[in-house]
Amino acid sequence: MTQATAPARATAVDMSHRQILEALSGLLLGMFVAILSTTVVSNALPRIITDLRGGQSAYTWVVTSTLLATTATTPIWGKLSDLFSKKLLVQLSLVVFVLGSVLAGQAQTTGELIACRVVQGVGAGGLTALAQVIMATMIAPRERGRYSGYLGAVMAVGTIGGPLIGGVIVDTSWLGWRWCFYVGVPFAVLALIVLQRTLRLPVVKREVKIDWWGATLITAAVSLLLVWITLAGDRYDWISWQSGVMVAGATLLGALAARVEKRAADPMIPPHLFRNRTITLAVIASIAVGVGMFGASVFLGQYFQISRGASPTMSGLMTLPMIGGLLVSSTVVGRIITSTGRWKSWLVIGSVLLTAGFALMGTMRADTPYWHLAVFMALIGLGVGMSMQNLVLAVQNTVRPDELGAASSVVAFFRSLGGAIGVSALGAVLGHRVTGYMADGLSRLGIPASGSGGGLPDVHTLPGPIRTVVEAAYGHAAGDIFLAAAPFGLLALVAVVLIREVPLRRSNAEPVPAGRETAEAVPAGTKD
C-alpha cells in the first residue's frame, strides 16, 4: 500500500446521503452561529459605537479584531483537527464563542468590546476551519459541491437574518444593542446538543507537534501591520517615523515567521503546500476576495444609516439583493458542479461578477437610486457565492485526506487575513475621505472643519444643512472604498484564470490525480 492511498483509506468515511445530512445539521447550525455573530452587529455598529462614544477607528477595530482572531487561530484549529477528535474541537470552539458573546454583551467601553470580540473570533476560527475539514472528511470531492450549496444556503440565511435581527433588536427599546451578542447563545447551545447526537467521525491521530512559535510570529506580524494601517493618516502621517518602525517591525516578524515555518517539523502553514500551483493561486484569489468582500461590504450598514438616514432594520432589508445573489449562486452552482465535476468556469464567472459589482458600487453616492444599488449588490452576491466555497473545493481536490485540515485552513486563513487587512485599510480610507469631504462641505457653509467632531454622527439630530453635508460625505466616501476594492476582484480573476482545472474525485479513497499539478503537493521522500 502506497503512502498516498493509506491515509485516504484511514480517513474516508462511507456515509449515506441521509447520514451526511444528519451529521451536517449540527455543523451547519454552528456555522450559522459564527456567521450570525458577524452579521447581527453590522447594522447595530453605528448605534453601538455612538453609545460607547467611539470613533471611526473603533468602528473598524470592532470588526477587525474578530477577523484577526479568526485569521490567527484558523491554522491552529486546522492542525488540531489532524491530531484530535474533530467533533470535540468543534464543540470546544462553540463554547469559546458563547463565552466571548456573553462577555461582549457586558462591555462598557469600545476597548472592552474589541477584547471580547477577539474571544468570539477565536471560536469563529474553529467553526470556520472545522466545518470545511469535517465536510471534506465525510464527503467525496465530486459530491462536495452539492453539500457546499447547503453551506452556502446557511451562509445566506445567516447573512440575511443577522442584519434584520440586529436591526430589530436595536430598534426595540426594551431590548437594546447588547442583545445582539446574546441572541446567538441559544443557537450555539442547540448546535452543541445536535453535534453530540449526530456527528460520528473516526479519530485519526498522528504524532505531530503544534508550531506555537510560528503561530505567535504570524499573529504578531499581522497584528502590527493592521495597527499601522488603522492608525496611519489619523494618529500620524503615512510617511513618518512611526510608520517606518511599524512597517519594518511587521516585515521583520513576517521574515522570522517564514524562517520558523521552513524549519518546523509540523508548521502551522506548511510551506510545501505552496509548491502546488492550485493552492498558491487559490490563496491569492482568497486574499483578494477577502479584501473586497469583508473590507467593502462591512461598511454598507454605515452607509445606509448615515448617508440615507435608514433605521438599522431597514438597512438590513436594503442589503437583501446581495444576500439573494449569494444564496442563489452558491446553491445552484454547487449542484451543477456536483453533476458535472467541473468548477473552474464558475470561479472565472464569479470573479468577473465580483469585479463588476465593486466597480459599479464605486459610483455610489448618497442620492444614488436604490434600484441601481440593488443591481450592483446582486452582482457582488452572485460573485461571492460562485467564488468563496469553490476555491476551498479546488484546493481540497488536490491534497491527500491526511492534509485536508492544513490545506483547508490555509485557504480560510488567507481569506480571513485579506478580510482583516481590507477592513483596516478601507476603514482608514473611509475615515480619511469622510474628513476631507466634510471639511469641504462645511467650509462652503462657512463652518470651520474642526467643528465636525471625531465620533460617528447621528444624522437625525443634525441641522438640515449640516446633515446634508454629512450624508454626502459618507455617501461619496463609501463609493470610494468600493472603487478601491475593485482591483482586488480583478486580481482574483487573474488568479483563477491561471488555475489548472482537475476534475473532482468521486471518492475520498480515490488517489489524488497524478501529474505536475498534484505531484508538487508532496515532496519526494515525505512521510506521513
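## Burial and overall make-up

Of the 528 residues in this chain, 58% count as buried. The model is a predicted one, so please read each value below as computed from that prediction. The chain has 20 helices and 0 strands.

How do the contacts spread along the sequence? Among contacts with a separation of 6 or more, 84% are between residues 24 or more positions apart.

## Helix α15 and its buried face

A good helix to start with is α15, which covers residues 320-340 and has 21 residues. From its first C-alpha to its last it reaches 30 Å, close to the 30 Å expected at 1.5 Å a residue. The buried residues of α15 are Met-322, Ile-323, Gly-325, Leu-326, Ser-329, Ser-330, Val-333, Gly-334, Ile-337 and Thr-338. If you look down the axis of α15, these buried residues fall within an arc of 160°, so they line one face of the helix.

Follow the chain a little further and you meet Gly-341, just after α15, with a positive phi of about 80°. Arg-342 is in the loop between α15 and α16, and this arginine returns in the next section.

## Three salt bridges

The structure holds 3 salt bridges. One of them joins Glu-501 to Arg-342, with the closest N and O atoms 3.6 Å apart. This pair links distant parts of the chain, 159 residues apart: Glu-501 sits in the loop between α19 (464-498) and α20 (516-519), while Arg-342 sits in the loop between α15 and α16 (344-361). Glu-501 has a relative accessibility of 25% and counts as partly exposed. Arg-342 is partly exposed too, with a relative accessible area of 41%.

Another salt bridge forms between Arg-433 and Asp-480, where the closest N and O atoms are 3.6 Å apart. Here, too, distant parts of the chain are linked: Arg-433 belongs to helix α18 (residues 404-444) and Asp-480 to helix α19, 47 residues apart. Is each partner buried or partly exposed? Arg-433 is partly exposed, at a relative accessible area of 39%, whereas Asp-480 counts as buried, at 13%. Leaving aside residues up to four places away in sequence, Asp-480 touches Arg-433 and Tyr-437. Then there is the bridge between Glu-471 and Arg-467, whose closest N and O atoms are 2.8 Å apart. Both of these residues lie in helix α19, 4 residues apart, which is about one turn of the helix. Glu-471 counts as buried at 16% relative accessibility, and Arg-467 is partly exposed at 24%.

## Aromatic pairs

A pair of aromatic rings is described by two things, the distance of the centres and the angle of the planes. A search of the whole structure finds 6 aromatic pairs. In one of them, the rings of Trp-177 and Phe-181 have their centres 6.3 Å apart and their planes at 85°, so the pair is edge-to-face. An angle over 60 degrees is what counts as edge-to-face. Trp-177 and Phe-181 are both buried.

## Cysteines without a disulfide

How many disulfides are there in the whole structure? A search finds 0. For context, a disulfide is a covalent bond between the sulfur atoms of two cysteines.

Two cysteines can still be described by their burial. Cys-116 is buried, with a relative accessible area of 12%. Cys-180 is also buried, with a relative accessible area of 3%.

## A buried serine in α11

To finish, have a look at Ser-243, which is found in helix α11 (residues 241-263). Is Ser-243 buried or exposed? Ser-243 is buried, with a relative accessible area of 4%, and the cut-off for buried is under 20%.

Which residues does Ser-243 touch, not counting those up to four places away in sequence? They are Trp-228, Ala-232, Tyr-236, Asp-237 and Trp-238.

Notes: Residues numbered from 1 in each chain as written. Predicted model: local features only at pLDDT ≥ 70, side-chain atom pairs only at ≥ 80, totals over all residues. Heavy atoms only, no water. Helix = DSSP H or I, 4+ residues; strand = E, 2+ residues; numbered from the N terminus. Expected span 1.5 Å × (residues − 1). Buried < 20%, exposed > 50% of the residue type's maximum accessible area, 1.4 Å probe, protein only. Arc of directions from axis to C-beta. Phe/Tyr/Trp six-rings, centres within 6.5 Å; stacked < 30°, edge-to-face > 60°. Salt bridge = Lys/Arg side-chain N within 4 Å of Asp/Glu carboxyl O. Disulfide = S-S within 2.5 Å. Contact = heavy atoms within 4.5 Å.
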